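Subject: Structure handover

Hello,

Here is the structure for you to look at. My notes follow below it.

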Amino acid sequence: MNQLEIWGGIECSQCRVGDGYYNQLSRNGHWERISDLDAIADLGIKTLRYPLLWEHTAPDSPETCDWTWPDERLPRLRELGINPIIGLVHHGSGPTYTALHKDNFATGLAQHAARVAERYPWLTHFTPVNEPLTTARFSCLYGHWYPHTTCHRTFVRALLNQLEATRLSMQAIRKIIPRAKLVQTEDLGQAHSTPALRARAEFENHRRWLSLDLLCGRVTAAHPLWGYLTEHGATEAELQSWVDDPCPPSVLGINHYLSSERFLDEAMEHYPARTVTVNDGLTYSDTEAINVGGVQTMGIANLLLQTWQRYRLPIAVTEAHLNGTRDEQVRWLHHVWEAAQEARQLGADVCAVTVWSILGSYDWNKLLTCNVGYYEPGPFDVRSGQLRPTLLAKLVRTLAQGKRFRHPVMQTPGWWLRPQRVLYRPHLAETKSMYEENQLNQAQASVHKLDHAA
């Protein structure tokens, strides 16, 4: 197994809300600054998640493409020795003449992918659609992004359309670049719950794998969500097509945040009103598990091991970011790096950790649903219009050099490891039940770890 690598990524979401688009590349200034690429290379980054978005290249018509922006940047990346992982759709629904739930989405993206491959045949790694499950949830189950539905049927169609777009895009790319690799990204967490909501948590824990299960041809009639999919519009024939003609990723890209593990509790009085959600006739609080007393979260190392045990495919952490102080951002990236090393030692083929986002991001605390200018820096702070390195840049450069990071901030554990992480405490009886169940879960995880070590 090769040495663990540090990759980079630029937040590039082109998110549609109503009739407007929120373009992160314009807001962080990278759209105008090709010099950013030299600064990224100076960090020691050799692999970079990089956008060549459908909406940017062919915004008005699939027949009219503007290659000016990538024609400047992709050759420069090549000169700098940086291998880009090309993203074609990133938390968007495509240009205005299509959308996630429309019939022309998959074929349209495949056409764009073919044109990209024809124009830049030296490219090797692609992510046709970033986080298809998460995008379908936020757009079609929760209504945050276009088409703003809260409908299981639209969710299922949007998910299947994105995956079909991925399969068709990789087929089109590989006709031109036979060895092209699919790096499929998806958010990964785990749902925890009180006993009363165990069935709901189990459903969500099955659903978190759904996009990857489909791509890998694992969704047969015996799959826990086969019935859910067919009930909400998927035909047996199209599901069978994934079993017969899967599109397994070359690399599984796991995006994980401290908010990715959730806790579900029907006793809503213990939590703020903003946490209340309604799903399939159930009303409950859905909040970050890390903030709930008595809940033992799985953590990124165990989640990476779960992924490896399920798929036995190479894994990269393709987003590692924390909204917080510079010190806490450094502790978090280092924590994820150490967790990836732990998973590797226990047998998982984890090849990289990606610092996300190198140029920071705007308004993700509101899920991109508004434009208020809330900025979260990364290794560079861009608020002045120039790239100003933060302490995170020093950590990235150190990891890229294969060295240990030594700094006074590492003498203090991250807030997620300290007692003050607990903001909410469920009912005592529920906590006891959860504690016993979590102890069992952790014991099972330990057994898996020992199996890997053996």
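What percentage of the 454 residues in the protein chain is buried? Buried residues make up 57% of them. Please keep in mind that this is a predicted model.

Overall build

The protein chain has 15 helices and 18 strands. Its radius of gyration is 21 Å, close to the 22 Å that the globule rule gives for 454 residues, so the protein chain is as compact as a globular protein of that length. The C-alpha trace spans about 60 × 55 × 50 Å along its principal axes.

Among the contacts with a separation of 6 or more, 75% are between residues 24 or more positions apart. The accessible surface comes to about 18300 Å², and carbon and sulfur atoms account for 50% of that surface. The protein chain has 44 positive and 48 negative charges, and the mean positions of the two sets are 6 Å apart.

The nonpolar core

The largest nonpolar core has 112 residues. Within this core, the residues that touch the most other members are Leu 48, Phe 126, Phe 155, Leu 214, Leu 304 and Val 353. The element that gives the most to this core is helix 7 (residues 152–176), with nine residues.

Phe 155 is worth selecting in your viewer. Leaving out residues up to four places away in sequence, Phe 155 touches Leu 133, Ala 136, Arg 137, Cys 140, Leu 141, Arg 207 and Tyr 228.

Tyr 50

Tyr 50 is found in strand 4 (residues 47–51). Is this residue buried or exposed? The relative accessibility of Tyr 50 is 2%, and buried means under 20%, so Tyr 50 counts as buried.

Tyr 50 and Ile 86 are 36 residues apart along the chain, yet their C-alpha atoms are separated by 5.1 Å. Ile 86 is also one of the residues that Tyr 50 touches. Others on that list, which does not count residues up to four places away in sequence, include Ile 10, His 30, Leu 37, Trp 69, Arg 73 and Pro 84.

Backbone points to check

Most residues other than glycine have a negative phi, and most peptide bonds are trans. The places below depart from that pattern.

Which peptide bonds are cis? One is the bond from Tyr 146 to Pro 147, with omega near 15°. Pro 147 sits in the loop between helix 6 (132–141) and helix 7, and helix 7 is the helix that gives the most to the largest core. Another is the bond from Trp 356 to Ser 357, with omega near 0°. Ser 357 is in the loop between strand 14 (350–356) and strand 15 (361–362).

Two residues with positive phi lie in the loop between strand 15 and strand 16 (375–376). Asp 363, which is not a glycine, has phi near 60°. Leu 368, also a residue other than glycine, has phi near 65°. Asp 363 has a relative accessible area of 0% and is buried. Leu 368 counts as buried too, at 1% relative accessibility.

If you have time for a short look, I suggest beginning with Phe 155 and its contacts, then Tyr 50 in strand 4, and then the loop between strand 15 and strand 16 that holds Asp 363 and Leu 368.

Regards

Terms used. Residues numbered from 1 in each chain as written. Predicted model: local features only at pLDDT ≥ 70, side-chain atom pairs only at ≥ 80, totals over all residues. Heavy atoms only, no water. Helix = DSSP H or I, 4+ residues; strand = E, 2+ residues; numbered from the N terminus. Rg over C-alpha atoms; globule rule 2.2 N^0.38 Å. Buried < 20%, exposed > 50% of the residue type's maximum accessible area, 1.4 Å probe, protein only. Contact = heavy atoms within 4.5 Å. Areas by Shrake-Rupley, 256 points an atom, 1.4 Å probe, with all protein chains shown as cover. Lys, Arg positive; Asp, Glu negative; His and termini not counted. Charge placed at Lys NZ, Arg CZ, Asp CG, Glu CD. Core = buried A, V, L, I, M, F, W, Y, C linked by side-chain atoms within 4.5 Å.
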